[in-house]
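Q: I have a protein chain here and would like to understand the reasoning behind the words used to describe it. Could you take me through it step by step?

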Amino acid sequence: MEYPVYLDNAATTAVDPAVVEAMLPYFLSAYGNPATLYGVGMMAREAVDHAREAVADMINASPDEIVFTSGGTEADNAAIKGVAAAYADKGKHLITSAIEHHAVLEPMETLAHSGYELDILPVDSEGRISLETLKSLLRPDTLLVSIMHANNEIGTIQPIGEIGSLCRENGALFHTDAVQTFGKIPLNVREQKIDLMSVSAHKLHGPKGIGFLYVRRGTKLHRFMEGGGQERGYRSGTLNVPGIVGLGKATELAKERMESEAKRLTTLRDVFIAKLMNTVSGVSVNGSRAHRLPNNISVCIEGIQGETLLLALDASRICASAGSACSTGSMEPSHVLKALGVSRDLARGAVRITLGRETTLESLDYTLDALERSVQGLRELSGAGTNY
Ligand SMILES: Cc1ncc(COP(=O)(O)O)c(C=O)c1O
(Lines give C-alpha, C1' and ligand atoms only; values in the text may rest on other atoms or scores of the structure.)
Protein backbone atom coordinates (compact mmCIF):
# COMPACT_ATOMS: atom_id res chain seq x y z
CA MET A 1 0.00 0.00 0.00
CA GLU A 2 1.23 3.48 -0.84
CA TYR A 3 1.51 6.27 1.69
CA PRO A 4 0.03 8.71 2.28
CA VAL A 5 -3.43 7.23 1.94
CA TYR A 6 -4.89 10.22 0.17
CA LEU A 7 -8.64 10.50 0.74
CA ASP A 8 -9.27 14.18 0.07
CA ASN A 9 -9.97 14.03 -3.64
CA ALA A 10 -12.81 16.57 -3.42
CA ALA A 11 -10.22 19.13 -2.29
CA THR A 12 -7.78 18.27 -5.06
CA THR A 13 -6.32 15.23 -6.79
CA ALA A 14 -2.88 13.92 -7.69
CA VAL A 15 -2.01 14.80 -11.27
CA ASP A 16 -2.01 11.69 -13.43
CA PRO A 17 1.54 10.93 -14.69
CA ALA A 18 0.15 10.69 -18.26
CA VAL A 19 -1.16 14.24 -17.83
CA VAL A 20 2.25 15.51 -16.71
CA GLU A 21 3.83 13.77 -19.68
CA ALA A 22 1.37 15.36 -22.09
CA MET A 23 2.11 18.82 -20.61
CA LEU A 24 5.92 18.66 -20.64
CA PRO A 25 6.53 19.49 -24.34
CA TYR A 26 4.56 22.71 -23.89
CA PHE A 27 7.09 23.89 -21.31
CA LEU A 28 10.21 22.58 -23.00
CA SER A 29 9.87 22.75 -26.77
CA ALA A 30 6.47 23.86 -28.06
CA TYR A 31 6.50 26.85 -25.72
CA GLY A 32 5.39 29.47 -28.26
CA ASN A 33 2.57 31.88 -27.73
CA PRO A 34 -0.45 30.25 -29.41
CA ALA A 35 -1.35 33.60 -30.97
CA THR A 36 1.83 33.59 -33.13
CA LEU A 37 2.31 32.26 -36.63
CA TYR A 38 5.64 30.44 -36.49
CA GLY A 39 6.16 26.76 -35.75
CA VAL A 40 6.40 26.62 -31.94
CA GLY A 41 3.40 28.95 -31.66
CA MET A 42 1.36 26.93 -34.10
CA MET A 43 2.16 23.71 -32.25
CA ALA A 44 0.88 25.32 -29.08
CA ARG A 45 -2.27 26.51 -30.85
CA GLU A 46 -2.99 23.07 -32.26
CA ALA A 47 -2.63 21.58 -28.77
CA VAL A 48 -5.05 24.17 -27.36
CA ASP A 49 -7.54 23.40 -30.14
CA HIS A 50 -7.25 19.70 -29.43
CA ALA A 51 -7.90 20.21 -25.70
CA ARG A 52 -10.85 22.49 -26.46
CA GLU A 53 -12.35 19.76 -28.64
CA ALA A 54 -11.80 17.14 -25.93
CA VAL A 55 -13.58 19.10 -23.19
CA ALA A 56 -16.39 20.18 -25.53
CA ASP A 57 -16.89 16.57 -26.62
CA MET A 58 -17.17 15.43 -22.99
CA ILE A 59 -20.24 17.64 -22.39
CA ASN A 60 -21.77 17.60 -25.91
CA ALA A 61 -20.83 21.23 -26.55
CA SER A 62 -19.10 22.92 -29.48
CA PRO A 63 -15.46 23.94 -29.09
CA ASP A 64 -16.43 27.60 -29.61
CA GLU A 65 -18.59 27.44 -26.48
CA ILE A 66 -15.57 26.81 -24.22
CA VAL A 67 -13.74 29.69 -22.48
CA PHE A 68 -10.63 28.60 -20.59
CA THR A 69 -10.28 30.11 -17.10
CA SER A 70 -7.95 29.76 -14.13
CA GLY A 71 -10.35 27.26 -12.54
CA GLY A 72 -13.74 26.87 -10.95
CA THR A 73 -13.74 30.05 -8.87
CA GLU A 74 -13.04 32.24 -11.88
CA ALA A 75 -15.61 30.41 -14.00
CA ASP A 76 -18.32 30.83 -11.32
CA ASN A 77 -17.55 34.54 -10.85
CA ALA A 78 -17.36 35.16 -14.60
CA ALA A 79 -20.69 33.44 -15.24
CA ILE A 80 -22.63 35.25 -12.54
CA LYS A 81 -21.15 38.73 -12.83
CA GLY A 82 -20.79 38.44 -16.61
CA VAL A 83 -24.46 37.59 -17.14
CA ALA A 84 -25.59 40.33 -14.76
CA ALA A 85 -23.53 42.92 -16.66
CA ALA A 86 -24.60 41.68 -20.10
CA TYR A 87 -28.32 41.61 -19.35
CA ALA A 88 -28.56 44.80 -17.33
CA ASP A 89 -31.99 45.50 -18.85
CA LYS A 90 -33.58 42.06 -18.58
CA GLY A 91 -34.34 41.64 -14.92
CA LYS A 92 -32.74 41.76 -11.55
CA HIS A 93 -33.96 38.57 -9.94
CA LEU A 94 -31.48 35.78 -9.14
CA ILE A 95 -31.92 32.32 -7.63
CA THR A 96 -29.33 30.06 -6.06
CA SER A 97 -29.27 27.32 -3.42
CA ALA A 98 -28.22 27.41 0.21
CA ILE A 99 -25.44 24.85 -0.28
CA GLU A 100 -23.50 26.40 -3.16
CA HIS A 101 -19.74 26.82 -3.03
CA HIS A 102 -18.64 30.27 -1.84
CA ALA A 103 -17.45 30.97 -5.39
CA VAL A 104 -21.15 31.14 -6.32
CA LEU A 105 -22.67 32.43 -3.08
CA GLU A 106 -20.35 35.40 -2.75
CA PRO A 107 -20.80 36.89 -6.24
CA MET A 108 -24.54 36.34 -5.82
CA GLU A 109 -24.46 38.23 -2.53
CA THR A 110 -22.35 40.98 -4.07
CA LEU A 111 -25.04 41.45 -6.72
CA ALA A 112 -27.73 41.38 -4.03
CA HIS A 113 -25.95 44.30 -2.37
CA SER A 114 -26.03 46.27 -5.59
CA GLY A 115 -29.72 46.18 -6.37
CA TYR A 116 -30.43 42.59 -7.41
CA GLU A 117 -33.05 40.53 -5.64
CA LEU A 118 -31.72 37.15 -4.52
CA ASP A 119 -33.75 34.09 -3.54
CA ILE A 120 -31.84 31.31 -1.83
CA LEU A 121 -33.46 27.93 -2.26
CA PRO A 122 -33.44 25.75 0.85
CA VAL A 123 -32.56 22.07 0.61
CA ASP A 124 -34.11 19.03 2.29
CA SER A 125 -32.32 16.91 4.90
CA GLU A 126 -30.48 15.09 2.06
CA GLY A 127 -29.32 18.32 0.44
CA ARG A 128 -31.69 18.25 -2.54
CA ILE A 129 -33.56 21.31 -3.75
CA SER A 130 -37.30 21.10 -4.42
CA LEU A 131 -38.32 21.56 -8.06
CA GLU A 132 -41.73 22.74 -6.86
CA THR A 133 -40.16 25.49 -4.77
CA LEU A 134 -37.91 26.49 -7.66
CA LYS A 135 -40.96 26.64 -9.94
CA SER A 136 -42.79 28.88 -7.48
CA LEU A 137 -39.81 31.27 -7.29
CA LEU A 138 -39.26 31.67 -11.04
CA ARG A 139 -40.61 34.99 -12.33
CA PRO A 140 -40.64 36.82 -15.67
CA ASP A 141 -37.74 38.96 -14.44
CA THR A 142 -35.61 36.04 -13.21
CA LEU A 143 -32.31 36.52 -14.98
CA LEU A 144 -30.20 33.64 -13.68
CA VAL A 145 -30.53 30.44 -11.67
CA SER A 146 -27.28 28.96 -10.36
CA ILE A 147 -27.48 25.50 -8.82
CA MET A 148 -24.51 23.20 -8.47
CA HIS A 149 -24.49 19.75 -10.05
CA ALA A 150 -23.08 18.05 -6.96
CA ASN A 151 -22.03 19.42 -3.62
CA ASN A 152 -18.36 19.34 -2.63
CA GLU A 153 -18.97 18.54 1.05
CA ILE A 154 -21.78 16.01 1.05
CA GLY A 155 -21.76 14.76 -2.55
CA THR A 156 -25.50 15.26 -3.12
CA ILE A 157 -26.38 15.40 -6.84
CA GLN A 158 -29.13 17.80 -7.96
CA PRO A 159 -31.63 17.02 -10.74
CA ILE A 160 -30.00 19.47 -13.13
CA GLY A 161 -31.83 18.23 -16.22
CA GLU A 162 -35.19 19.08 -14.63
CA ILE A 163 -33.81 22.37 -13.31
CA GLY A 164 -32.53 23.25 -16.80
CA SER A 165 -35.93 22.51 -18.36
CA LEU A 166 -37.76 24.61 -15.77
CA CYS A 167 -35.41 27.54 -16.33
CA ARG A 168 -35.66 27.31 -20.13
CA GLU A 169 -39.48 27.16 -19.98
CA ASN A 170 -39.49 30.25 -17.81
CA GLY A 171 -36.95 32.26 -19.80
CA ALA A 172 -34.25 32.25 -17.10
CA LEU A 173 -30.60 31.39 -17.75
CA PHE A 174 -29.24 28.34 -15.95
CA HIS A 175 -25.68 28.11 -14.62
CA THR A 176 -24.36 25.02 -12.90
CA ASP A 177 -21.13 24.55 -10.99
CA ALA A 178 -19.98 21.13 -12.22
CA VAL A 179 -16.56 21.29 -10.57
CA GLN A 180 -17.21 18.09 -8.58
CA THR A 181 -18.92 16.15 -11.36
CA PHE A 182 -17.13 16.79 -14.67
CA GLY A 183 -15.35 13.53 -15.52
CA LYS A 184 -17.09 11.62 -12.73
CA ILE A 185 -20.70 11.38 -13.87
CA PRO A 186 -22.23 12.13 -17.28
CA LEU A 187 -22.98 15.71 -18.32
CA ASN A 188 -24.76 16.80 -21.45
CA VAL A 189 -25.28 20.53 -21.80
CA ARG A 190 -27.78 20.19 -24.65
CA GLU A 191 -29.99 17.57 -23.02
CA GLN A 192 -29.74 19.15 -19.58
CA LYS A 193 -30.47 22.62 -21.00
CA ILE A 194 -27.46 24.24 -19.38
CA ASP A 195 -26.53 27.78 -20.46
CA LEU A 196 -23.34 28.18 -18.42
CA MET A 197 -21.21 25.62 -16.62
CA SER A 198 -18.03 25.81 -14.50
CA VAL A 199 -15.32 23.16 -14.47
CA SER A 200 -11.89 22.84 -12.82
CA ALA A 201 -9.08 20.48 -13.89
CA HIS A 202 -7.51 19.80 -10.52
CA LYS A 203 -10.49 17.76 -9.33
CA LEU A 204 -10.00 15.18 -12.09
CA HIS A 205 -6.30 14.40 -11.85
CA GLY A 206 -5.40 17.43 -13.94
CA PRO A 207 -3.26 20.45 -12.99
CA LYS A 208 -4.27 23.29 -10.68
CA GLY A 209 -5.03 26.77 -11.96
CA ILE A 210 -6.92 25.78 -15.09
CA GLY A 211 -10.57 25.16 -15.87
CA PHE A 212 -13.24 26.43 -18.20
CA LEU A 213 -16.60 28.08 -18.45
CA TYR A 214 -19.06 26.63 -20.95
CA VAL A 215 -21.11 29.45 -22.50
CA ARG A 216 -23.98 28.27 -24.69
CA ARG A 217 -23.94 29.89 -28.11
CA GLY A 218 -26.32 32.86 -28.04
CA THR A 219 -25.86 33.52 -24.30
CA LYS A 220 -24.65 37.03 -23.69
CA LEU A 221 -21.75 37.37 -21.29
CA HIS A 222 -19.75 40.45 -20.41
CA ARG A 223 -16.01 40.03 -21.01
CA PHE A 224 -14.31 39.32 -17.73
CA MET A 225 -10.67 40.10 -18.50
CA GLU A 226 -9.87 42.97 -20.80
CA GLY A 227 -6.73 43.13 -22.91
CA GLY A 228 -5.49 41.28 -25.98
CA GLY A 229 -8.85 39.75 -26.85
CA GLN A 230 -8.01 36.03 -26.36
CA GLU A 231 -10.83 33.54 -25.80
CA ARG A 232 -13.13 35.39 -28.18
CA GLY A 233 -12.67 38.55 -26.17
CA TYR A 234 -14.19 37.12 -22.98
CA ARG A 235 -10.94 36.41 -21.21
CA SER A 236 -7.87 38.23 -22.41
CA GLY A 237 -4.42 37.02 -21.47
CA THR A 238 -1.87 34.65 -23.00
CA LEU A 239 -3.27 31.16 -22.73
CA ASN A 240 -1.92 28.76 -20.11
CA VAL A 241 -0.98 26.23 -22.79
CA PRO A 242 0.52 23.49 -20.57
CA GLY A 243 -2.46 23.79 -18.20
CA ILE A 244 -4.95 23.60 -21.05
CA VAL A 245 -3.15 20.56 -22.50
CA GLY A 246 -3.25 18.96 -19.03
CA LEU A 247 -6.96 19.65 -18.71
CA GLY A 248 -7.55 18.12 -22.16
CA LYS A 249 -5.54 15.00 -21.35
CA ALA A 250 -7.21 14.60 -17.93
CA THR A 251 -10.57 14.87 -19.68
CA GLU A 252 -9.68 12.19 -22.22
CA LEU A 253 -8.50 9.84 -19.46
CA ALA A 254 -11.62 10.55 -17.40
CA LYS A 255 -13.83 9.84 -20.40
CA GLU A 256 -12.21 6.43 -21.00
CA ARG A 257 -12.54 5.45 -17.36
CA MET A 258 -15.66 7.26 -16.18
CA GLU A 259 -18.11 4.40 -16.31
CA SER A 260 -15.89 1.72 -14.78
CA GLU A 261 -14.43 4.14 -12.24
CA ALA A 262 -17.89 5.30 -11.11
CA LYS A 263 -18.91 1.66 -10.55
CA ARG A 264 -15.69 0.81 -8.72
CA LEU A 265 -15.85 3.85 -6.43
CA THR A 266 -19.57 3.43 -5.72
CA THR A 267 -18.89 -0.12 -4.50
CA LEU A 268 -15.90 0.97 -2.39
CA ARG A 269 -17.93 3.88 -0.96
CA ASP A 270 -20.89 1.73 0.03
CA VAL A 271 -18.73 -1.04 1.50
CA PHE A 272 -16.83 1.55 3.57
CA ILE A 273 -20.01 3.21 4.85
CA ALA A 274 -21.53 -0.15 5.80
CA LYS A 275 -18.37 -1.28 7.61
CA LEU A 276 -18.01 2.07 9.38
CA MET A 277 -21.57 1.99 10.64
CA ASN A 278 -21.07 -1.56 11.86
CA THR A 279 -17.85 -0.92 13.72
CA VAL A 280 -18.24 2.62 15.07
CA SER A 281 -21.32 3.71 17.01
CA GLY A 282 -22.96 7.12 16.62
CA VAL A 283 -22.23 7.52 12.91
CA SER A 284 -24.71 9.25 10.60
CA VAL A 285 -24.30 9.77 6.86
CA ASN A 286 -24.67 13.34 5.56
CA GLY A 287 -26.44 13.86 2.26
CA SER A 288 -28.37 11.52 0.02
CA ARG A 289 -27.74 7.79 -0.25
CA ALA A 290 -29.46 7.54 -3.63
CA HIS A 291 -28.24 10.74 -5.32
CA ARG A 292 -24.62 10.79 -4.31
CA LEU A 293 -21.27 11.23 -6.00
CA PRO A 294 -19.50 7.86 -6.38
CA ASN A 295 -16.46 9.12 -4.46
CA ASN A 296 -18.06 10.95 -1.53
CA ILE A 297 -18.29 9.72 2.07
CA SER A 298 -19.45 12.43 4.46
CA VAL A 299 -20.39 11.45 7.98
CA CYS A 300 -20.89 12.94 11.41
CA ILE A 301 -19.43 10.97 14.29
CA GLU A 302 -20.88 11.69 17.71
CA GLY A 303 -18.63 12.52 20.64
CA ILE A 304 -15.57 13.62 18.68
CA GLN A 305 -14.31 16.72 16.93
CA GLY A 306 -13.68 16.24 13.23
CA GLU A 307 -10.48 18.26 13.25
CA THR A 308 -8.97 16.30 16.15
CA LEU A 309 -9.83 13.07 14.39
CA LEU A 310 -8.05 14.34 11.28
CA LEU A 311 -4.88 14.93 13.26
CA ALA A 312 -5.09 11.39 14.61
CA LEU A 313 -5.57 10.05 11.07
CA ASP A 314 -2.67 12.15 9.84
CA ALA A 315 -0.45 10.33 12.34
CA SER A 316 -1.37 7.15 10.42
CA ARG A 317 -0.55 9.00 7.17
CA ILE A 318 -4.16 9.27 6.11
CA CYS A 319 -5.36 12.53 4.51
CA ALA A 320 -9.04 13.34 4.91
CA SER A 321 -11.08 16.45 5.56
CA ALA A 322 -13.31 17.72 8.32
CA GLY A 323 -15.63 18.95 5.62
CA SER A 324 -15.57 22.69 5.65
CA ALA A 325 -17.08 22.37 9.07
CA CYS A 326 -14.66 24.39 11.12
CA SER A 327 -12.67 26.01 8.37
CA THR A 328 -12.47 29.37 10.08
CA GLY A 329 -11.65 27.90 13.46
CA SER A 330 -14.91 29.35 14.73
CA MET A 331 -16.44 25.91 15.30
CA GLU A 332 -19.49 27.06 13.41
CA PRO A 333 -21.03 24.24 11.39
CA SER A 334 -20.46 24.70 7.67
CA HIS A 335 -23.24 26.45 5.76
CA VAL A 336 -23.92 23.15 4.01
CA LEU A 337 -24.45 21.10 7.19
CA LYS A 338 -26.52 23.95 8.64
CA ALA A 339 -28.75 23.93 5.55
CA LEU A 340 -29.33 20.18 6.05
CA GLY A 341 -30.46 20.88 9.61
CA VAL A 342 -27.53 19.05 11.25
CA SER A 343 -27.22 20.21 14.87
CA ARG A 344 -24.25 22.27 15.94
CA ASP A 345 -23.02 19.51 18.25
CA LEU A 346 -23.20 16.78 15.64
CA ALA A 347 -21.65 18.98 12.93
CA ARG A 348 -18.48 19.21 15.06
CA GLY A 349 -17.84 15.57 14.30
CA ALA A 350 -18.13 15.98 10.52
CA VAL A 351 -15.58 14.05 8.48
CA ARG A 352 -15.31 13.93 4.70
CA ILE A 353 -13.50 11.11 2.95
CA THR A 354 -13.34 11.44 -0.82
CA LEU A 355 -12.03 8.62 -2.97
CA GLY A 356 -9.98 8.83 -6.12
CA ARG A 357 -8.21 6.85 -8.81
CA GLU A 358 -5.58 5.47 -6.38
CA THR A 359 -8.08 4.38 -3.71
CA THR A 360 -8.18 0.63 -3.08
CA LEU A 361 -10.13 -1.65 -0.76
CA GLU A 362 -6.90 -2.26 1.15
CA SER A 363 -6.33 1.46 1.74
CA LEU A 364 -9.92 1.88 2.91
CA ASP A 365 -9.68 -1.06 5.31
CA TYR A 366 -6.51 0.46 6.72
CA THR A 367 -8.36 3.78 7.12
CA LEU A 368 -11.32 2.12 8.79
CA ASP A 369 -9.04 0.45 11.29
CA ALA A 370 -7.27 3.73 12.10
CA LEU A 371 -10.60 5.53 12.34
CA GLU A 372 -12.05 2.99 14.72
CA ARG A 373 -9.04 3.18 17.02
CA SER A 374 -8.86 6.97 16.87
CA VAL A 375 -12.55 7.48 17.61
CA GLN A 376 -12.34 5.13 20.57
CA GLY A 377 -9.23 6.89 21.88
CA LEU A 378 -10.69 10.36 21.47
CA ARG A 379 -13.94 9.40 23.15
CA GLU A 380 -12.06 7.92 26.09
CA LEU A 381 -9.91 11.03 26.38
CA SER A 382 -12.89 13.35 26.36
CA GLY A 383 -14.70 11.19 28.88
CA ALA A 384 -17.43 10.55 26.39
CA GLY A 385 -17.08 6.83 27.10
CA THR A 386 -18.68 4.31 24.83
CA ASN A 387 -22.26 5.46 24.97
CA TYR A 388 -22.40 5.87 21.25
C1 LIG B 1 -18.12 22.94 -6.06
C2 LIG B 1 -16.88 23.76 -6.24
N3 LIG B 1 -16.92 24.91 -6.91
C4 LIG B 1 -15.84 25.67 -7.11
C5 LIG B 1 -14.61 25.31 -6.61
C6 LIG B 1 -13.42 26.18 -6.86
O7 LIG B 1 -12.64 25.65 -7.88
P8 LIG B 1 -11.09 26.12 -8.05
O9 LIG B 1 -10.35 25.54 -6.91
O10 LIG B 1 -10.68 25.54 -9.37
O11 LIG B 1 -11.10 27.60 -8.09
C12 LIG B 1 -14.51 24.11 -5.88
C13 LIG B 1 -13.20 23.71 -5.30
O14 LIG B 1 -13.08 23.44 -4.14
C15 LIG B 1 -15.67 23.31 -5.70
O16 LIG B 1 -15.61 22.18 -5.03
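A: This is a predicted model, and a good place to start is Y214, which, leaving aside its neighbours within four places in sequence, is in contact with I59, A61, E65, I66, V189, L196 and M197.

Q: What makes these residues contacts of Y214?

A: Two residues are in contact if their C-beta atoms lie within 7 Å, and I59 and M197 are among the residues that are in contact with Y214. Y214 also belongs, with F212 and L213, to the residues with the most contacts inside the largest nonpolar core, which has 106 residues. Helix α8 (residues 241–279) gives the largest share of this core, ten residues, and at least three residues come from each of domain 1 and domain 2.

Q: Why is the protein called as compact as a globular protein of its length?

A: The globule rule gives 21 Å for 388 residues, and the radius of gyration of the protein is 22 Å, close to that value, so the protein is as compact as a globular protein of that length.

Q: How do you know which span to expect for helix α12?

A: The expected span is 1.5 Å times one less than the number of residues; α12 has 21 residues, and its 30 Å from first C-alpha to last is close to the 30 Å expected.

Q: What puts the buried residues of α12 on the same side?

A: The buried residues are S363, L364, T367, L371, S374, V375 and R379, and they cover an arc of only 125° around the axis, which puts them on the same side of α12. The face turned away from that buried side carries the exposed residues E362, R373 and E380.

Methods:
Residues are numbered from 1 along each chain as its sequence is written. This is a predicted model: local features need pLDDT of at least 70, side-chain atom pairs count only at pLDDT 80 or more; totals for chains, interfaces and linings use all residues. A nonpolar core is a set of buried Ala, Val, Leu, Ile, Met, Phe, Trp, Tyr and Cys residues joined through C-beta atoms within 7 Å. A residue is buried if 20 or more other C-beta atoms lie within 10 Å of its own, exposed if 12 or fewer, and partly exposed in between; C-beta atoms are placed from the backbone. Helices (H or I, at least four residues) and strands (E, at least two) are DSSP runs, numbered from the N terminus. Domain bounds come from an automatic or database domain assignment. The radius of gyration is taken over C-alpha atoms; the globule rule is 2.2 Å times the number of residues to the power 0.38. The arc is that of the directions from the helix axis to the C-beta atoms.
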